[in-house]
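Thanks for sending this one over. Here are my notes, in numbered points, to read alongside the model.

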Amino acid sequence: QVQLVESGGGLVQAGGSLRLSCAASGRTERSYCLGWFRQAPGKEREIVASISRSGTHTYYTDSVKARFTVSRDNAKNTVNLEMNNLKPEDTGVYYCAADIGVTSQFIASMTRSSYDTWGQGTQVTVSS
């Protein structure tokens, strides 16, 4: 079993930046494909970005490309999401998730149904 804990959320003005972190604990003898999701009020949870076990492959949803960067440090069992030029529509609860079933080092899973372990979420609010 692996546990995920997010941190780094907060309130920021439009155009500002935030850095989210997710720390994994428990069964961390191997790395996992990790993803960042967000859920705005009244909307479904959507994927924002993901990163493969090796860190060499990433995926971004179109709305965050060129603004967000996902990275990981396997030695520290952490994954980060650097968010720049934030917009009010980026507001939501951000969740870190793990796709436990992926064995390939090079797959960055893109669908919510692939992920089976979730953190508790951290709130990001972008004011206009």
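1. Let me begin with a loop residue. N85 sits in the loop that links strand 8 and strand 9. Its phi is near 50 degrees, which is a positive value in a residue other than glycine. N85 has a relative accessible area of 41%, so it counts as partly exposed. Please keep in mind that this is a predicted model.

2. A second residue belongs beside that one. A66, in the loop between strand 6 (58–60) and strand 7, also has a positive phi without being glycine, with a value near 75 degrees. With a relative accessible area of 86%, A66 is exposed.

3. Now the overall fold. The protein chain has zero helices and 11 strands, and from the N terminus the order of elements reads β-β-β-β-β-β-β-β-β-β-β. The radius of gyration is 14 Å, close to the 14 Å given by the globule rule for 128 residues, so the chain is as compact as a globular protein of that length. Along the principal axes, the C-alpha atoms fill a box of roughly 40 × 25 × 25 Å.

4. A few totals for the chain may be handy. Of its 128 residues, 44% count as buried. Among contacts with a separation of 6 or more, 61% come from residues 24 or more positions apart. The accessible surface is about 6300 Å², and carbon and sulfur atoms hold 49% of that. As for charge, the mean positions of the 13 positive and 11 negative charges lie 2 Å apart.

5. Why is strand 4 (residues 33–39) described as largely enclosed by the rest of the structure? Six of its seven residues are buried, and buried here means under 20% relative accessible area, so the description follows. Strand 4 pairs with strand 9 (residues 92–99) in the antiparallel sense, through seven bridges; one of the partnerships is Q39 with V93. Strand 4 also runs antiparallel to strand 5 (residues 46–51), with five bridges between them, and G35 has S50 as its bridge partner there.

6. The turn between those last two strands deserves a look. The hairpin of strand 4 and strand 5 has six residues between the strands, and G42 in this hairpin takes a positive phi near 80 degrees.

7. Which residues of strand 11 (residues 122–127) make up the covered face, and which the uncovered one? T122, V124 and V126 are on the covered side, while Q123, T125 and S127 are on the uncovered side. In a regular strand, side chains alternate between the two faces of the sheet.

8. Strand 11 has partners of both senses. Strand 2 (residues 10–13) pairs with strand 11 in the parallel sense over four bridges, and V12 is matched there with V126, a residue of the covered face. Strand 9 and strand 11 run antiparallel and are joined by three bridges, with Y94 standing opposite T122. Strand 9 thus comes up twice in these notes, as it is also bridged to strand 4.

9. One last loop. A75 lies between strand 7 (68–73) and strand 8 (78–83), and its relative accessibility of 74% means that it counts as exposed. A75 and T28 are 47 residues apart in sequence, and their C-alpha atoms are 9.9 Å apart in space.

Note on methods
Residues numbered from 1 in each chain as written. Predicted model: local features only at pLDDT ≥ 70, side-chain atom pairs only at ≥ 80, totals over all residues. Heavy atoms only, no water. Buried < 20%, exposed > 50% of the residue type's maximum accessible area, 1.4 Å probe, protein only. Pairing = 2+ DSSP bridges. Rg over C-alpha atoms; globule rule 2.2 N^0.38 Å. Contact = heavy atoms within 4.5 Å. Areas by Shrake-Rupley, 256 points an atom, 1.4 Å probe, with all protein chains shown as cover. Lys, Arg positive; Asp, Glu negative; His and termini not counted. Charge placed at Lys NZ, Arg CZ, Asp CG, Glu CD.
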